[in-house]
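Please open the model in your viewer and keep the sequence panel at hand. We will go from the whole chain to single residues, one selection at a time.

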Amino acid sequence: AISIPVIRGGVPPGFIHEIQVSPSGLNSISINDIAIVKIIKTPFYGGFNGGNGAIAIYTKGDEELDE
């Protein structure tokens, strides 16, 4: 079963390394590979349905995290 996150009663867009993915794409990541999860509760208009915030996930080994 796919877990679908809900923020303020709506499904927020999910991003992996700033690329929008489907809820099943979010579920495909192993928890052991996750370095950072950012929950954006305020309206986020960078993706479809941005009024419900967003979920951004970055995995370990991402060069941008070393900055």
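## A tour of the chain

Start with a surface view of the whole chain: about 4,500 Å² is exposed, and carbon and sulfur atoms supply 55% of that area. Keep in mind that you are looking at a predicted model. Of the 67 residues in the chain, 31% count as buried.

**Switch to cartoon.** You should find one helix and four strands. Following the sequence, they come in the pattern β-β-α-β-β. If you draw contacts with a separation of 6 or more, 55% of them are between residues 24 or more positions apart.

**Select the sheet.** The four strands make an open sheet in the order β2-β1-β4-β3, and the pairing is mixed. At its edges are β2 (19-21) and β3 (34-40), each of which pairs on one side only. From one strand to the next, the twist averages 30°. As a reminder, strands of a sheet pair through backbone hydrogen bonds, in either a parallel or an antiparallel way. You can visit both kinds here, as the next two stops show.

**Select β1 with β4.** β4 covers residues 54-59, and three bridges join it to β1, with the two strands running parallel. Show side chains for the facing residues: Phe15 has Ala56 of β4 as its bridge partner, while Ile16 stands opposite Ile57 in β4.

**Now add β3.** Six bridges join β3 to β4, and this pair runs antiparallel. One place to zoom in is Ile36, whose bridge partner in β4 is Tyr58.

**Stay on β4 and color by accessibility.** How many of its six residues are buried? Six of the six are, so that β4 is mostly covered when buried means under 20% relative accessible area. Turn the strand to see its two sides: Ala54, Ala56 and Tyr58 point one way, Ile55, Ile57 and Thr59 point the other way, and all are buried.

**Select Pro43.** This residue is in the loop between β3 and β4. Is Pro43 buried or partly exposed? Its relative accessible area is 46%, which makes Pro43 partly exposed. Put a distance label from Pro43 to Ala54: the C-alpha atoms are 8.0 Å apart, and the two residues are eleven apart in sequence.

**Move to the loop between β1 and β2.** Both His17 and Glu18 are found here. For the backbone angles, recall that most residues other than glycine have a negative phi. What is the sign of phi in His17? The value is positive, near 50°, in a residue other than glycine. Glu18 also has a positive phi, about 65°, although it is not a glycine. Next, compare how open they are to the surroundings. His17 is partly exposed, because its relative accessible area of 27% falls between the limits of 20% and 50%. Glu18 is exposed, because its relative accessible area of 54% is over 50%.

**Finish on the surface.** Which residues make a nonpolar surface patch of about 250 Å²? Select Ile4, Val6 and Val11 to see the patch. Val11 lies in the segment before β1 (14-16). With a relative accessible area of 37%, Val11 is partly exposed.

Technical notes: Residues are numbered from 1 along each chain as its sequence is written. This is a predicted model: local features need pLDDT of at least 70, side-chain atom pairs count only at pLDDT 80 or more; totals for chains, interfaces and linings use all residues. Side-chain values use heavy atoms; hydrogens and water are left out. Buried means under 20% relative accessible area, exposed over 50%, partly exposed in between (1.4 Å probe, protein chains only). Contact means heavy atoms within 4.5 Å. Accessible areas come from the Shrake-Rupley method with a 1.4 Å probe; for residues, only the protein chains shown count as cover. Patches are made of residues with over 30% relative accessible area and no salt bridge: like charges are joined within 9 Å, nonpolar side chains (Val, Leu, Ile, Met, Phe, Trp, Tyr) within 5 Å. A salt bridge is a side-chain nitrogen of Lys or Arg within 4 Å of a carboxyl oxygen of Asp or Glu. Two strands pair if DSSP finds at least two bridges between them. Axes are lines fitted to C-alpha atoms, for helices over the stretch in contact, and angles run from 0 to 180 degrees between N-to-C directions.
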